[in-house]
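The following note sets out points for consideration on the structure shown below. Please read the points alongside the coordinates.

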Amino acid sequence: MNTLMMLIRRIANLCRKEFLAVLKDPKSRAILIVPALVQSMLFGYAATYELNRVPYAVLDYSHSAAAMRFTARLEADGIFRRVANARNEQEARDLIDTQKALLILHFPPDFERSLYSGQPAPLQLILDGRNSNTAGSAAAHVNAVAMNYNREWRAQTGAPEPRLQIASRAWYNPNLETRWNLMPGLIAALSMLQTLLLTALSVAREREHGTFDQLLVTPMTPAEIMVGKALPPVCIGLLQSTIILLVTRFWFGVPLAGSVLHIYAGLTLFTVACVGIGLSISALSANMQQAMLYTFVLVMPMMLLSGLTTPVRNMPELLQLLTMANPLRFAIDMVQRIYLEGVGLGTVWPNLIPLLIIAALTLPLAAWLFRHRLV
Amino acid sequence: MSRGFMQRLVALTRKEFRQLLRDSSNLAIGIVLPIVLILIFGYGLSLDVKNAPVAIVLEDGSPTAFEAVAGLRLSPVFSPVMLGSMHDAEALMRERKVDAIVRVPASFARDLGMGTARIQLLVHGSEANRATIILNYATAALGRKAGPGPGIAVEQRMWFNAANTSTWYLVPGLIVLIMTLVGAFLTALVMAREWERGTLEALFVTPVRPAEILLAKIIPYFCVGMCGLILCLLAARFLFHVPMQGSLLILLFSSMLYLFVAVGMGLLISSVTRNQFIASQVALLTSFMPSLMLSGFLFDLRNVPVVVRVVGNVLPATHFMELVKTLFLAGNVWPLILRNCAILAAYAVVLLGLARFVTRKKLD
C-alpha cells in the first residue's frame, strides 16, 4: 500500500513538473488554447464545399424573354451572382480566365424559338474546371433550376409531364452541409496536431538540455517516467478537444445526436494513442529539431489520409489499406458517427481496436527506448 | 560588394549546408516528405466518386422496373447491390456498407403507365460532399428514363479540366504546400534553435553582419525548396499527366518569389519567438494549416463568408495557389500573373525586411 502511495506521489510530482514546463510561459499557455479556438471557428466557416455566391456571366445571343426568365430564376435563391454580361466569346473567355466568373451561361440565337416549338432548347454551360469540385456542384445546381423551369413551363403550356419523379433525401445530414462532417472531424484532428508536437518535444527537450540523464538516475522506473510524461499532454489534448466540441455544438449549432460520455471515452483512448506515438518519436530523436521534423513527416500523411478533407472511400484500395495504420482515421470516423448518427461505442467499437493496439505498442516502446535508444 | 562580404557569406553558407546535410531529419523533410506527399496527393486525395456501393431495392420485379435502374448498373460511379427488402438495405446503410439506397416501389410499372411513378433515393449524408455528388449522379442516371422532353436541355463543358478529375487541381496545389513547409517550417526551426542555444550570440561577436547571417540561412533552404519544386513538377508532368498550359519559366520564377516569402516568414517567426517549441507551433499554425484549409487548395474561397475570405487573401499562399493552378490548367493569363507576382514580391520584401529588422546584433 505504501509503495503504491509512493508510486502515485512520484508520478504526480513528475506530472506537476511537466505541467509547469509547458504552462509557466504565458506564450506557450496561449499557444495551446487560442489556436484551437481560432482555427475551429475559421475552418468551420472556410471548410465548405457548398455553393455560396457563385460569380457567373451570361453570353446571350438569343436576346429573349425566355433567357431572362431563366437567369432571374437562377439568381432567385441568392447563390448565383451575375458579374457581367459578355458580348462575345472572347469576353466570356476572359471572364473565366481571370477567375471573375466560375461559369458562363451561353444562350444560342435560336434558344427561345426551340423552346416554343417544343424542341429541347440547348443551353450551353461553360465551367472553370480549375476547381472541378465546385464546378461540378454549380453544374448540378443549374441543372436543377432547369428542371424546375421545365416543369413550370410544361404546366403552363400543357406539354406532357415527365412520367417519372425521383424523391431524394439524405440521412444524418439533411441539407448535406460539409460543416456537419468537418467539425466533428476537427475535434480529433486539431487536438492531435498540437498534442503530438507537445509530446514529441517533451523528452527531446530534456535530452537536448541534458536533464533527461538526471531523470534516469532518480528512483523512478522508465515506466513511471513514461506515465508522468504522458498524463499532462493527454489532459491538454482533451482540453483542446473540449474547446472544439463546444464551438461545434454551440457556435455552429451542429446537433449532437450521440452521447458526450461516449465521445470522451473514445477521444481519451485516441489521445493516449497519440501521446504514445509522440513519446516514441521523442525517445528516438536526439534533439528537439529532429523530434519536430519526424513529427511533421508523420503528421502530414496522417492528416491527409484521415478522411478529414477528402473521404477515405474515394481513395484507391492500397491507400485505404494504408489508412488502417492511421489512428486519426479511426478517431474521426468514431467521433463523426457518435456525433452525427447518435450511435454508441457498442457500434463503433471496431474503431477502438486499432487505437488500443497503437497505444499498447507505442507506450511500452517509449519507456523501453528511454534507456535503450540506439544513437 | 566588398571582398570581405563574399568571403564571410561563402563561409557561413558552407557551414549552413553542412549543418543541413549532417542531420538526416532535415533531408527527411526536404526530400522524403515531398515524395511521400506527391504519392498521397496524386493517388490518395480525391474528391471524385468511383464504385460507390449502392443498394437497389426492387419491390417491383417487372422488366420496366429493372430497366429503370439500368443506368446505375452501367455507371462507373456506382457498384450496385441488389437487395430484396428495404429492411436489409437500411441495415446496410446504418453500418455504412452502402452510400445510398434506391427504392423502386411495388406499383412502379403500373404508376409509370399513369404518369405518377416515383423512385425513392436515400443517401448517407455524413460525408456531405461525397453524398452530394452521389445524389447528383444518381438523379441523372435515373432521370435518363424520362427522356429529353421539350424544355431547356443543359449541355455542360468543363474548361481547363477536360478529364474532370480533382487530381488535376490537387497536384498543383501540392507545390504550394511543400514550398510552405520547407520554406517556413524548416527555416523557423533552424533559426529558433540558434537563438535558443545561444549560438547566434556567439556569431554576433564575429565580424559577420546580420544581413549576412540571414542570407547564409536563406541560401541552403532555398535550394532544398527548389529540389522539392522540381520533384513536384516532374511528378505532375510524368506521373499524373497534369497538363502544363502556361509557361514553365513563369512558374519557376513565381515559385522562387514564393519561396522567398516562405523563408522570410520562417525567419521572422524564429526571430520573434526565439524558442523552438513556440516557433514550431507558430509555424505549424500560420503556415501549414492555413495553406491547407484557407488558401483555396481544397475549399473554394468564393464559397466562404467575407471575413474568412479576407483572412484567406491575407495569406501569401492563397495568391501563389491561384497562380500555380492557373499556370498549370489555364495558361498565361497575364492580368492574374502580374497581380499575384506583385503581391508575392511585396510580401517577400516586407517579410525579409522585418526579419532583418528583428535580427539585430543585440544581446538580451
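1. Charge in chain A. Chain A carries 31 positive and 23 negative charges, and the mean positions of these two sets are 9 Å apart. The accessible surface of chain A amounts to about 15,400 Å². Carbon and sulfur atoms account for 64% of that surface.

2. Status of the model. This is a predicted model. The predictor assigns the complex an ipTM of 0.77 and a pTM of 0.81. For chain B the average pLDDT is 83, and 93% of the residues score at least 70. Where pLDDT is low, predicted coordinates should not be read in detail.

3. Architecture of chain A. The chain contains 14 helices and 5 strands. Chain A is more spread out than a compact globule, because its radius of gyration is 28 Å, well over the 21 Å that the globule rule gives for 375 residues. The C-alpha trace of chain A spans about 95 × 45 × 40 Å along its principal axes. Of the 375 residues in chain A, 58% are buried. When contacts in chain A between residues at least 6 apart in sequence are considered, 77% join residues at least 24 apart.

4. Architecture of chain B. Here there are 15 helices and 5 strands. The radius of gyration of chain B is 27 Å, whereas a compact globule of 364 residues would have one near 21 Å. Along its principal axes, the C-alpha trace of chain B spans about 95 × 45 × 40 Å. Buried residues constitute 59% of the 364 residues in chain B. Of the contacts in chain B between residues at least 6 apart in sequence, 78% link residues at least 24 apart.

5. Surface and charge in chain B. The accessible surface of chain B is about 14,100 Å², with 66% belonging to carbon and sulfur atoms. Chain B has 32 positive and 20 negative side chains. The centres of these two sets lie 12 Å apart.

6. Ala12(A). This residue belongs to helix 1 of chain A, which covers residues 2-23. Ala12(A) counts as partly exposed because its relative accessibility is 40%, and partly exposed denotes the range between the 20% and 50% cut-offs. Ala12(A) and Lys100(A) are separated by 88 residues in sequence and by 60 Å in space, C-alpha to C-alpha.

7. Thr71(A). Helix 3 of chain A, residues 65-75, contains Thr71(A). With a relative accessible area of 4%, Thr71(A) is buried. Apart from neighbours within four places in sequence, Thr71(A) is in contact with Tyr56(A), Val58(A), Arg82(A), Leu105(A) and Phe107(A).

8. Helix 4 of chain A. Which residues of helix 4 (residues 89-97) of chain A are buried? They are Ala92(A), Leu95(A), Ile96(A) and Asp97(A). Just after helix 4 of chain A comes Gln99(A), which adopts a positive phi of about 65°.

9. Arg337(A). This residue is located in helix 13 of chain A, residues 327-341. Is Arg337(A) buried or exposed? Arg337(A) counts as buried because its relative accessibility is 10%, and the cut-off for buried is under 20%. Neighbours within four places in sequence aside, Arg337(A) is in contact with residues of chain A, namely Gly342(A), Val343(A), Thr347(A) and Val348(A). Arg337(A) is also in contact with Arg94(B) and Glu95(B).

How values were computed
Residues numbered from 1 in each chain as written. Chains lettered and ligands numbered in written order. Predicted model: local features only at pLDDT ≥ 70, side-chain atom pairs only at ≥ 80, totals over all residues. Heavy atoms only, no water. Helix = DSSP H or I, 4+ residues; strand = E, 2+ residues; numbered from the N terminus. Rg over C-alpha atoms; globule rule 2.2 N^0.38 Å. Buried < 20%, exposed > 50% of the residue type's maximum accessible area, 1.4 Å probe, protein only. Contact = heavy atoms within 4.5 Å. Areas by Shrake-Rupley, 256 points an atom, 1.4 Å probe, with all protein chains shown as cover. Lys, Arg positive; Asp, Glu negative; His and termini not counted. Charge placed at Lys NZ, Arg CZ, Asp CG, Glu CD. pLDDT = per-residue confidence, 0-100.
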